[in-house]
Amino acid sequence: MSLSPAQRAELLSLARTSIEASLPTGERAPYDGPPLHAGLTRLGSSFVTLRVGDDLRGCCGSIEATRPLHLDVWNNAYASAFADPRFPALTPAEWSDTGIEISVLSEPERCEVRSEAELLEVLRPGIDGVILQTGARRSTFLPAVWEQLPSPRDFIRHLKLKAGWPADFWPPDMQVWLYTTESFG
């Protein structure tokens, strides 16, 4: 999906409003009303990333498109500010220095590989987001993570560590999906 500048601006405004409306109490504010752009009502998945300066301050999102994109951004903005388990809730004092980036995900496509070596051959650094799953546990890195981990081997090993698996873990039932993002902030 390619978003127009007006749709991007509306999603950024929704993310800001979701956080600002929740700052006084920390409770999720209800969304009230349809978006200005009808295209934002289609099912979509997103991640909302918050940064204070260069430091990550929260990042939550949806891998699968299960709700309209505008509601997905609204809810993920709230979660990034107040429910990311890695950080305390965002405070009003931090808010003025907080930057927002939204990543809208393409539909993940199954990548049929039998080994980490096969995956490393098909990965497109800087382009592909990756989902790894075995059993009920899965983990993802957005394409933006390539900036910190430009080596495909490091990218995949850190993704496995994020899931709680050893860096050399690759069971026979490992499933892989690849996706791209349209990111703006």
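In the predicted model, strands β1 (residues 43-52) and β2 (residues 55-61) run antiparallel and are joined by 6 bridges. One of the paired positions involves Leu50, whose bridge partner in β2 is Gly58. The two strands form a hairpin with 2 residues between them. In this hairpin, Gly53 adopts a positive phi near 65°.

Leu50 and Gly58 also appear in the surroundings of Ser80, a residue of helix α2 (residues 69-82). When neighbours within four places in sequence are set aside, the contacts of Ser80 are Val48, Leu50, Arg57, Gly58, Cys59 and Cys60. The relative accessibility of Ser80 is 1%, so this residue counts as buried, the cut-off for that class being under 20%.

Helix α2 also packs with helix α1 (residues 5-22). The axes of the two helices lie 8 Å apart and make an angle of about 45°. Because of this angle, α1 is classed as oblique to α2, a term that covers angles falling outside the roughly parallel, roughly antiparallel and roughly perpendicular ranges. The crossing of α1 past α2 is right-handed.

On the α1 side, the residues that meet α2 are Leu11, Leu14, Ala15, Thr17, Ser18, Ile19 and Ser22. Their counterparts in α2 are Leu69, His70, Val73, Trp74, Ala77, Tyr78, Ala81 and Phe82. Sorted by class, the contact between α1 and α2 comprises 11 nonpolar and 4 polar residues, with no charged residues.

Methods:
Residues are numbered from 1 along each chain as its sequence is written. This is a predicted model: local features need pLDDT of at least 70, side-chain atom pairs count only at pLDDT 80 or more; totals for chains, interfaces and linings use all residues. Side-chain values use heavy atoms; hydrogens and water are left out. Two strands pair if DSSP finds at least two bridges between them. Helices (H or I, at least four residues) and strands (E, at least two) are DSSP runs, numbered from the N terminus. Buried means under 20% relative accessible area, exposed over 50%, partly exposed in between (1.4 Å probe, protein chains only). Contact means heavy atoms within 4.5 Å. Axes are lines fitted to C-alpha atoms, for helices over the stretch in contact, and angles run from 0 to 180 degrees between N-to-C directions. Angles under 35 degrees count as roughly parallel, over 145 as roughly antiparallel, 65 to 115 as roughly perpendicular and the rest as oblique. A crossing is left-handed if the near helix is turned anticlockwise from the far one by less than a right angle, and right-handed if clockwise. Ala, Val, Leu, Ile, Met, Phe, Trp, Tyr, Cys and Pro count as nonpolar, Asp, Glu, Lys and Arg as charged, and the others, Gly among them, as polar.
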